[in-house]
Amino acid sequence: MIRLTLITLLILIQIKVYGQQYNLKDFNLEGDINTWYSARFDSVNIKPMTGVLASLASQRPKVNAFFTENTLDWMKASIMYDNQRYDNVRIKYDIEQQLAYISHPLNKQTITLDQQLVNWFRTPAGIFKPKNDATGYYLIIFEGEQLSLVKESSKRLVIENREFDYARTDELYLLTNNEKVRIKNKKSYLKQFPTHKKEIKKFMRSQESREINRMGKESFLIHLAKYCDNLSIQ
């Protein structure tokens, strides 16, 4: 009886908040009330909608504060929020303010996610998790058995000759044994795993490693992270 009363109260709140989006004639409180409620309200992602409303500054597709470059489009995402999963969520990650926003599916208002309740969010760019030591999120580049390689991104506003732009910084970190270590280049791995220095150097000189190194710095550092993860579990 208490649960039925609570759910009925939530329904009435939803009607008030969303401006009569649901008609009372559609209500059917007979049978399985949980199934009825989930079918109509879980799909609009109720819990994440309780965050702070955000007011975004004017942005341009090629000059903006967001993680995704050259577009102002919302990313389609899945979110694990307070240990509950929500799909088909529209999200933007502001890496100047280090805040994640979602778009309300009914009224399109922009809402700031509570970082303390975010477990992760999955986008076409990859999976983001909240930082433990600061405001913001990191992108998981590689997640192994013993270590993870992640990317932390930020932007700062630059104004010159009455024109504004954003300067972007991307930094890679190794997360292992409750440590967070900055990975600047291949030498960072040698410093982090001194007892395996010879094996790592030999691996770096392999034909496969040299070919991946030609693909780009980030690809090579991911390649080394995978190898070091295997070393650490041997």
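What volume does the largest pocket have? The views below begin there. This is a predicted model, in which local features need pLDDT of at least 70 and side-chain atom pairs count only at pLDDT 80 or more, while totals for chains, interfaces and linings use all residues. Residues are numbered from 1 along each chain as its sequence is written, and side-chain values use heavy atoms, with hydrogens and water left out.

**View 1. The largest pocket and its lining.** Its volume is about 350 Å³. A pocket here is an open set of points on a 1 Å grid over the protein atoms alone, with protein on both sides within 12 Å along at least five of seven lines, and lining residues have an atom within 4 Å of a point. Volume is the space filled by probe spheres set on the points, which are joined across faces, edges and corners. Of the 18 lining residues, N132, Y138, L175, T176 and E179 lie nearest the centre. Strands β7 (126–130), β8 (137–143), β9 (147–160), β10 (163–176) and β11 (179–183) each give two or more residues to this lining, and β9 gives the most, with four. Strands (E, at least two residues) and helices (H or I, at least four) are DSSP runs numbered from the N terminus.

**View 2. The largest cavity and the residues around it.** A cavity is a set of grid points where a 1.4 Å probe fits but cannot get out. Searching the whole structure gives one cavity of 30 Å³ or more, and the largest holds about 50 Å³ of space. F66, T68, T71, L72, D73, M75, I91, K92 and Y93 line it. Strand β3 (residues 84–94) gives the most to that lining, with three residues.

**View 3. The two sides of helix α4 (residues 197–204).** I200, F203 and M204 are the buried residues of α4; buried means under 20% relative accessible area and exposed over 50%, with a 1.4 Å probe and protein chains only. They sit on the same side of α4 because they cover an arc of only 100° around the axis, taken from the directions from the helix axis to the C-beta atoms. K198 and K202, on the other side, are exposed.

**View 4. S209 and its partners in helix α5 and beyond.** S209 lies in α5 (residues 207–215) and counts as buried because its relative accessibility is 0%. Its side chain makes polar contacts (N or O atoms within 3.5 Å; within protein, one able to donate a hydrogen and the other to accept it, and residues adjacent in sequence counting only if both atoms are side-chain atoms). One, of 2.9 Å, joins it to the side chain of S206, and another, of 3.0 Å, to that of H223. Beyond its neighbours within four places in sequence, S209 is in contact (heavy atoms within 4.5 Å) with F203, M204, F220 and H223.
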